[in-house]
Amino acid sequence: MNLHWRKPWKYLDEVIAATQTVYEQNSHTIELSEPLRELEQQMNQIKMSILLSQKAVKEAEDRKNELEKNSILPFLRLLRKNYVRY
């Protein structure tokens, strides 16, 4: 292979590997070669946004489940209480 093309291919391999890291649910940051630092920062921002979005979705789901539990249980108790009366 022409020596002129080795660096671009190496950079492309780094970016492809880093792309997989973006979607991993962990705190590992992406580290690329010096010429790719701006892309590295952008990819780390994307990863952080994904992690924060996933956390927000989980928290919203947990709140919804807690709200359902807190509103349904008293309603069921009321139904049971009224059913026993009649």
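**Notebook: contacts, core and surface patch**

I began with contacts (heavy atoms within 4.5 Å) and found that, among those in the protein chain between residues at least 6 apart in sequence, 37% join residues at least 24 apart. The model is predicted, so I kept in mind that local features need pLDDT of at least 70, that side-chain atom pairs count only at pLDDT 80 or more, and that totals for chains, interfaces and linings use all residues. Residues are numbered from 1 along each chain as its sequence is written, and side-chain values use heavy atoms, with hydrogens and water left out.

I next looked up the overall dimensions: the C-alpha trace of the protein chain spans about 90 × 20 × 15 Å along its principal axes.

For burial (buried is under 20% relative accessible area, exposed over 50%, partly exposed in between, with a 1.4 Å probe and protein chains only), I noted that 14% of the 86 residues of the protein chain count as buried. The largest nonpolar core (buried Ala, Val, Leu, Ile, Met, Phe, Trp, Tyr and Cys residues joined through side-chain atoms within 4.5 Å) has six residues, namely Ala-18, Val-22, Ile-30, Leu-32, Leu-36 and Met-43. I then followed Ile-30, which touches Ala-18, Thr-21, Val-22, Glu-40, Met-43 and Asn-44 when residues up to four places away in sequence are not counted.

Finally I checked Leu-79, whose place is in helix H2, residues 37–85 (a helix is a DSSP run of H or I, at least four residues, numbered from the N terminus). Leu-79 is partly exposed, with a relative accessible area of 44%.

How values were computed. Helix = DSSP H or I, 4+ residues; strand = E, 2+ residues; numbered from the N terminus.
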